[in-house]
Amino acid sequence: MTATAGSRGFLAEGGKYPGLLGWIFSTDHKRIGLLYLFAVLSFFLVGAALGIIIRLELIAPGETIVSAQTYNALFTVHGVIMIFLFIIPGIPAIFGNIFLPIHIGANDVSFPRLNLFSWWLYMIAALIILASLFTGGGPPDTGWTFYVPFSAETTTNVPMAVFGVFILGFSSILTGINFVTTVHRLRAPGGRWGRLTLFVWSLYATAWVQILATPMLAITLVLLILERLLGAGLFDPASGGDPIMFQHLFWIYSHPAVYIMILPAMGIVTEIIPVFARKPVFGYWAIAFSSIGIAAAGSLVWGHHMFVSGMSDTAVLIFSLLTFIVAIPSAIKVFNWVATLYKGSISLDPPMLFALSFIFLFCIGGLTGLILGAAATDVHVHDTAFVVGHFHYVMFGGTGFAFFGGLHYWFPKICGRMYNKRVATVAWGIMFAGINILYFSMMILGLRGMPRRYYDYLPEYADLNLISTIGSWILAAGLLLMFVNLLRGARNGRPAGPNPWGGLTLEWTLASPPPAENFASIPVIEHGPYDYEQGGTPHE
């Protein structure tokens with residue numbers, strides 16, 4: 001199928017209702033993906049603005065722009081928004097919804113109405129979380145982890161925020177069920193497992209984590225609400241409870257959730273690199289099974305968050321060993337990405353720049369994670385700014401940059417127009433500089449002993465905090481330039497055509513934007529998704 005001039009594809013679909021109602025009641029997976037995109041990016045901008053305010057408060061010792069209580073609320077809300085409303089749902093809900101059915105040759109997901117219901121749950125949960133900021137005792141101030149006993153005793157509006165996150169969990173579970181069923185039941189003829197895109201493999205592994213791990217979060221949050229409202233005593237030592245049990249229950253979900261965040265990002269990077277290196281992906285099965293390995297092993301390492309909480313030496317040894325083991329499949333992916341680049345005909349277009357910077361930033365985040373996974377070093381840097389730097393290198397430097405890479409990669413397919421590549425490259429460079437200045441400074445501060453989540457600090461930490469805050473301004477400038485460029489491209493960019501990057505996966509056989517029904521007839525998949533010949537041309 002080729003693009004027709006002026007065609008708006010699914011964007012112009014009338015649907016059952018006109019205007020906005022035609023979007024929020026649509027069961028088209030592509031429209032639902034865009035609904036997620038608009039919502040997720042809106043929450044991202046709010047979370048980023050809160051992060052800027054946090055850094056402004058930390059620009060110098062003492063009170064600068066907010067009070068201590070407001071600061072506690074700021075980093076709590078920043079964490080809740082960025083983790084639960086941006087990073088976890090971002091890639092699966094947006095790019096997974098739009099492209100997973102197309103990648104396997106299907107016209108929609110298995111359960112379109114359930115897919116729309118998942119978005120409604122996401123929006124309802126987001127509104128409840130936002131309402132918690134302005135009702136009850138004010139914004140929660142516990143940190144995004146809601147640790148007891150403080151979360152059971154603080155007078156702020158923790159129950160409403162926790163209830164919102166609880167509902168978000170159902171949205172995540174339903175999306176996971178939909179994706180697993182879709183991959184198993186709706187693959188086109190010829191679409192055997194060895195011909196799936198590695199993005200689909202990453203979403204498939206992620207979906208199983210969503211299905212199996214998210215109920216643990218739901219149970220934990222229900223217990224916290226019971227503790228808070230009914231005084232159940234589950235986590236209160238005076239009533240025979242155990243506050244450490246909350247940490248175990250929380251991290252049994254929340255460390256697998258890290259792989260809900262990073263696995264789809266790895267899938268995007270694996271899509272981008274072969275296209276812009278003009279080479280078949282190196283080690284297809286190694287990358288595919290490493291996604292499953294990360295999902296499996298990542299569910300066994302939650303205890304490394306608790307080395308200083310008190311556990312036996314045997315438990316410390318086991319969790320530390322498992323933490324190092326889970327790094328192996330991630331290292332396999334990095335090796336295979338680099339091997340795919342080797343002797344490739346590399347084009348440094350904006351999506352490729354984001355993918356390459358993902359590898360660099362993720363390696364920094366991963367290697368510093370091993371420092372935290374080794375108990376002997378973790379006891380020195382636990383709960384310092386080093387952990388904040390490590391986490392943001394993985395989550396924002398990793399998942400965030402992969403998200404933006406996917407946005408630039410699939411933008412012409414979604415919108416049918418091309419952004420300004422030169423401006424996108426400049427925005428990438430500014431963001432890359434900003435993120436390293438911002439978060440590497442934090443890791444040095446942590447090694448020097450500065451605790452995280454502290455409203456004030458000693459004068460010897462002032463220099464690096466100033467540098468870190470300047471880095472946040474640079475990063476914000478890059479983000480602003482990137483989003484303005486994408487908006488201008490969506491409105492006034494030149495027509496992109498059906499396949500501007502020369503990709504081989506099925507979405508590039510469709511018009512840009514794709515039609516409401518993806519395929520006029522279900523395709524027959526006759527070759528792998530990365531079958532480039534030597535010299536950089538697609539294999540026909």
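I looked up burial first: 59% of the 540 residues in the chain are buried, where buried means under 20% relative accessible area, exposed over 50% and partly exposed in between, with a 1.4 Å probe and protein chains only. The model is predicted, so I note that local features need pLDDT of at least 70 and side-chain atom pairs pLDDT 80 or more, while totals for chains, interfaces and linings use all residues. Residues are numbered from 1 along each chain, and side-chain values use heavy atoms, without hydrogens and water.

Overall form. I find a radius of gyration of 23 Å, which agrees with the value near 24 Å for a compact globule of 540 residues; the radius is taken over C-alpha atoms, and the globule rule is 2.2 Å times the number of residues to the power 0.38. The C-alpha trace spans about 70 × 50 × 45 Å along its principal axes.

Aromatic pairs. My search of the whole structure gave 50, counting Phe, Tyr and Trp rings (six-membered ring for Trp) with centres within 6.5 Å; planes under 30 degrees apart are stacked, over 60 edge-to-face, the rest tilted. Tyr204 and Trp208 are one edge-to-face pair, at 6.4 Å centre to centre and 90 degrees between the planes. They sit 4 residues apart in helix α7, about one helical turn; helices are DSSP runs of H or I, at least four residues, and strands runs of E, at least two, numbered from the N terminus. Tyr204 is buried at 11%, whereas Trp208 is partly exposed at 34%.

I also checked Trp302 and Phe319: their centres are 5.0 Å apart and their planes at 65 degrees, so this pair is edge-to-face.
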